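Please open the model in your viewer and keep the selection panel at hand. The stops below are meant to be followed in order, each beginning with something to select.

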Amino acid sequence: MSPVDTTVGRFAATDLDTPPQLFYTLTSVSNDFRLKGPTIPEILVNTRLDYDKVKEFQLQLEAQDTPLDSIPSGPSFTATTTIMITILDGDNRPPWFQPCNTYDIGGVVICENAGYTGSVNLNEQETGVLPLKPGPLYAVDGDSGINEEITYSFLRGNEDGLFGINPNTGNITMLRPTDVLGPISLTTLASQKFSSHQFATSTVTISVQVKSLHPPKFQRPRYEALITSVGSMAKDLKNTEESLQILATDDDYTATEGLNPHIVYSVDGNSDFSIIGGFLFMTKDLPDATLTLQVLAKDVTNDETATAQLLVEVKSVIPPSGEYGAVDMAALGATLGVLLFICLVVIGVLVHRMKKSKADWGKVNEASIFRSSLGQGSGSQKEGVQYTNDAFQRDEDSDSVGSGGPTVKAAEVPPKSAWDLPPKEAIQMSSAPLHALLPDNTSDTSSDKVDNEKEVKPILTKERRVEEGYKSVWFKEDIDPNSKEEVVIIPDSREDESDEEEPSSSGREDDEDDNPKKKSSKVFFADPDLDSGIGVRIGDPAEDSDSDKDLNIDL
């Protein structure tokens, strides 16, 4: 503990020459010491000294009567001497409880003790020195060169005075029995007798337990096991279908049928096997052989033990061909993972397309609602909505097409009785031009319902519009039977009846005047795809070949 530059001593040489002029050189295996100067034979401490590493140093000091760095012009005389330096231990360490593990932290040595354990029986007083593990309890001075005397005492945990401790030896004795189960923790203090500021503490744990009347015992005197691989559970050699269970019972635990939770198992003197929960496992790959071992059962509460013989047959088993190994299962798992990924990608693409076509689904939904408003059944006449076109009443005016602001309005369809016309009348009405079927007061009659009806802005053109998203209803004379266009004429459902009653044209005009409900031309929509348009043919091709008109209705 001497500081750097501490003077160790002065070692001067003498010379009969007058005046004497001597020069010194110090030789050492280390640099722990140095000379104060080339002409001053004083040795100083150069570094911090460690008593535990080096306790003695040997130095060689040389003196000569000529300068060290020059070539002498005359004779040069020298002298040498050996200096032995002994290092003394300083009081810089506390006591160390034994045994302990030492650690060097930044040049400071620390010794750690894990503590001590012991046990006593409930309501019984232990006589003599209490046995401890590891024992006995004692401490030494950390400065081995000083080795100062140590004194012992209890710091805490012995408030009720159950135990006593010898201040000189550290031996612990029991002063009276305890009536409480459970561990008792005692903190002991070891300090130097003259340097009380140097001290250390340790813990003594005393376990209070019920006295054992019966030691553990194995259910079999000999166990025979078969093990095929590392990590596999041993099988019973006599019955390879069942696992071998090694079990020891304790008659002190009658409430649990002899099962003592404090018993631990081990294979005595062999680390190649391990017993976990009473089952034997091989922890190291061994060649095929038959081993004779000994199994040990120990009650950790009182250290009572029992032994039994163990015969282990190590035999490698090659799995029969056709069974899958670890590599096969890994390949299968990778394949399933790839398939799962592909499925997820396909599902994602389908979801993307469904979202992309969301507008189309909306159109289909709107078309379905519109079709429902037109009628109740597919393939039959719709009774819910009737459409009239006021613009065709002024069909002679070509400028009224598109420019006259024609409107298409929904009106109530007469009940089914209104359809009950004679076949001839139905055919003649359906063969007449469209403007002949529409009366002059149609728009006036339907205008009363404007407030309660939703008007749809129509567009009348003479050509069929093909713009994308454009909805139209058109009229024309020639219909291609192979096209997808739907043609609906007021059906003559009684075509098979007799046509005896064929009213004249004048009579039909009278009927129209007498029955205002028949003055409006009725155009009914069947059940075709609304997105592709609805074609309605009205008129007699023979009578009016030039009466083709396209009625486009913006839906």
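Begin by selecting helix H1, residues 326-356, which is where Met-329 is placed; helices here are DSSP runs of H or I with at least four residues and strands are runs of E with at least two, numbered from the N terminus. This is a predicted model, in which local features need pLDDT of at least 70 and side-chain atom pairs count only at pLDDT 80 or more, while totals for chains, interfaces and linings use all residues. Residues are numbered from 1 along each chain as its sequence is written, and side-chain values use heavy atoms, with hydrogens and water left out.

**The nonpolar surface patch**

Stay with Met-329 and add Leu-332, Leu-336, Val-338, Leu-339, Phe-341, Ile-342, Val-345, Val-346, Val-349 and Leu-350, which together form a nonpolar patch on the surface with about 1,000 Å² of accessible area. Such patches are made of residues with over 30% relative accessible area and no salt bridge, where like charges are joined within 9 Å and nonpolar side chains (Val, Leu, Ile, Met, Phe, Trp, Tyr) within 5 Å. Met-329 has a relative accessible area of 47% and is therefore partly exposed, since buried means under 20%, exposed over 50% and partly exposed in between, with a 1.4 Å probe and protein chains only.

**The whole protein**

Now display the full model, which has 7 helices and 32 strands. Of its 555 residues, 33% are buried. The protein exposes about 34,600 Å², of which carbon and sulfur atoms supply 52%; accessible areas come from the Shrake-Rupley method with a 1.4 Å probe, and for residues only the protein chains shown count as cover. Among contacts (heavy atoms within 4.5 Å) between residues at least 6 apart in sequence, 65% join residues at least 24 apart.

**The largest nonpolar core**

Next select Phe-218, Ile-246, Tyr-265, Phe-273, Leu-280, Leu-310 and Val-312, the members that touch the most others in the largest nonpolar core, which has 25 residues. A core of this kind is a set of buried Ala, Val, Leu, Ile, Met, Phe, Trp, Tyr and Cys residues joined through side-chain atoms within 4.5 Å. At least two residues of this core come from each of strands S18 (222-227), S22 (263-267), S23 (273-276), S24 (279-282), S25 (289-299) and S26 (304-314), and S26 gives the most, with 5 residues. Centre the view on Ile-246: leaving aside residues up to four places away in sequence, Ile-246 touches Phe-218, Tyr-223, Tyr-265, Ile-275, Gly-278, Val-295 and Leu-310. Apart from this core lies another, of 22 residues, among them Phe-154, Ile-165, Leu-186 and Ile-206.

**Strand S15 and its partners**

Move to strand S15, residues 182-192, which is mostly covered, with 8 of its 11 residues buried. Strand S12 (residues 150-156) runs antiparallel to S15 and is joined to S15 by 6 bridges; two strands are taken to pair if DSSP finds at least two bridges between them. To see this register, select Ile-150, which stands opposite Gln-192 in S15. S15 also pairs in the antiparallel sense with strand S16 (residues 199-209), over 10 bridges, and here Ser-191 has Phe-199 of S16 as its bridge partner. A hairpin through 6 residues joins S15 to S16.

**Salt bridges**

How many salt bridges does the structure hold? There are 10, each defined by a side-chain nitrogen of Lys or Arg within 4 Å of a carboxyl oxygen of Asp or Glu.

Select Asp-5 and Arg-34 to see one of them, with the closest N and O atoms 2.5 Å apart. This pair links distant parts of the chain, 29 residues apart, with Asp-5 in the segment before strand S1 (7-10) and Arg-34 in strand S3 (residues 33-37). Asp-5, at 44% relative accessibility, is partly exposed, and Arg-34, at 30%, is also partly exposed.

Then select Lys-133 and Asp-303, whose side chains meet in a salt bridge at 2.2 Å, N to O. These residues are 170 apart in the chain, Lys-133 lying in the loop between strand S10 (116-121) and strand S11 (139-141), and Asp-303 in the loop between S25 and S26. Finally, add Lys-298, which is linked with Lys-133 and Asp-303 in a network of salt bridges.
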